Amino acid sequence: MKLLKTTLLAIGLLLSIASCSPEDNTEDNVLDYTIDLNLAEETDWEMAEEILILINEHRASIGLGLILKDQQYASAYAVDHTKYMIQMSDINHDNFHYRKQALKSQGAQKVGENVAFGYDNAQSVVTAWLNSPSHKRAIEGDYTHSGFGIVSTTSGNTYYTQLFYKN
């Protein structure tokens with residue numbers, strides 16, 4: 001009987017050790033949204049300023065509030081995505097859910113994104129976005145802040161990511 005109890009105890013111990021699942025380990029389920037804030041410095045801030053002025057002029061013309069520039073988290077994530085698009089040689093919204101959740105983890109209530117490629121000045125990219133219904137919705141959305149990832153390649157092509165969010 002004692003041998004049976006010891007064996008059952010040993011089996012129970014093995015089962016409790018072997019039955020640990022990822023759901024049991026909350027540390028494994030917490031995503032790491034840290035980013036190098038220095039990435040934000042890699043954006044073309046002169047172009048970003050021009051874009052923000054044009055977007056805010058448009059928003060003011062239709063009675064919307066101004067969007068403030070975020071030179072930290074949103075811009076770091078925007079630059080990170082722009083560099084990814086350059087690497088892929090394609091404009092896209094790949095992994096937007098990650099950028100959205102990362103900004104929400106910083107307090108954002110809602111997040112939107114516009115991307116572009118190949119425009120050589122602020123007016124042309126903003127005009128293109130305003131002529132696209134989905135991009136125009138982001139520009140006219142209920143947002144308070146914006147981050148920018150504007151990076152030119154060595155061949156002179158410029159890729160754009162603009163993240164919008166509401167605090």
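**Reading the packing around helix 5 and strand 4**

Me: What covers the buried residues of helix 5?

Reply: Among the elements covering the buried residues of helix 5 are helix 4 (73-88), strand 2 (110-117) and strand 4 (158-166). Please keep in mind as we go that this is a predicted model.

Me: Which residues of helix 5 are the buried ones? And where on the helix do they lie?

Reply: Helix 5 spans residues 96-104, and its buried residues are R99, A102 and L103. Looking down the axis of helix 5, you find these buried residues within an arc of 95 degrees, so they line one face of the helix.

Me: Let me step back to the whole chain. How many helices and strands does the protein have, and in what order do they run?

Reply: There are seven helices and four strands. Starting at the N terminus, the order is α-α-α-β-α-α-β-α-α-β-β. For the contacts, look at sequence separation: among those with a separation of 6 or more, 70% are between residues 24 or more positions apart. As for burial, 38% of the 167 residues count as buried. The accessible surface is about 9,800 Å², and carbon and sulfur atoms hold 54% of that.

Me: How should I read a single buried position, such as T161? What is its relative accessible area, and which side chain does it meet in a polar contact?

Reply: Start with the accessibility, then look at the partners. T161 lies in strand 4 and has a relative accessible area of 1%, so it is buried, the cut-off being under 20%. Its side chain makes a polar contact of 2.8 Å with the side chain of T82. Beyond neighbours within four places in sequence, the contacts of T161 include A78, H81, M85, E113, V115 and F148.

Me: T158 is in strand 4 too. Is it buried or exposed, and what does it touch?

Reply: T158 has 10% relative accessibility and counts as buried. Its side chain is joined to that of S152 by a polar contact of 2.8 Å. Once neighbours within four places are set aside, T158 touches A116, F117, G118, Y119, I150, V151 and S152. You can also compare sequence with space here: T158 and D120 are 38 residues apart along the chain, while their C-alpha atoms are 6.9 Å apart.

Me: Now the aromatic rings. How many aromatic pairs are there, and what are the centre distance and plane angle for Y77 and Y98?

Reply: The count is five aromatic pairs. For Y77 and Y98, the ring centres are 6.4 Å apart and the planes meet at 65 degrees, so this pair is edge-to-face. Y77 belongs to helix 4 and Y98 to helix 5, so the pair ties together parts 21 residues apart in sequence. Y77 is buried at a relative accessible area of 2%, while Y98, at 28%, is partly exposed.

Me: What about F117 and Y159?

Reply: Their ring centres are 4.6 Å apart and their planes are at 55 degrees, so that pair is tilted. With F117 in strand 2 and Y159 in strand 4, the pair ties together parts 42 residues apart in sequence. F117 is partly exposed at 36% relative accessibility; Y159 is buried, at 7%.

Me: Which residues form an aromatic cluster, and which residue lies over the face of Y143?

Reply: Y33, Y77 and Y98 form one aromatic cluster. Over the face of Y143 you will find K110, at 5.2 Å from the ring centre.

Terms used:
Residues are numbered from 1 along each chain as its sequence is written. This is a predicted model: local features need pLDDT of at least 70, side-chain atom pairs count only at pLDDT 80 or more; totals for chains, interfaces and linings use all residues. Side-chain values use heavy atoms; hydrogens and water are left out. Buried means under 20% relative accessible area, exposed over 50%, partly exposed in between (1.4 Å probe, protein chains only). Helices (H or I, at least four residues) and strands (E, at least two) are DSSP runs, numbered from the N terminus. The arc is that of the directions from the helix axis to the C-beta atoms. Contact means heavy atoms within 4.5 Å. A polar contact is a pair of N or O atoms within 3.5 Å; within protein, one must be able to donate a hydrogen and the other to accept it, and residues adjacent in sequence count only if both atoms are side-chain atoms. Accessible areas come from the Shrake-Rupley method with a 1.4 Å probe; for residues, only the protein chains shown count as cover. Rings of Phe, Tyr and Trp (its six-membered ring) pair if their centres lie within 6.5 Å; planes under 30 degrees apart count as stacked, over 60 as edge-to-face and the rest as tilted. A charge sits over a ring if NZ of Lys or CZ of Arg is within 6 Å of the ring centre and within 35 degrees of the ring normal.
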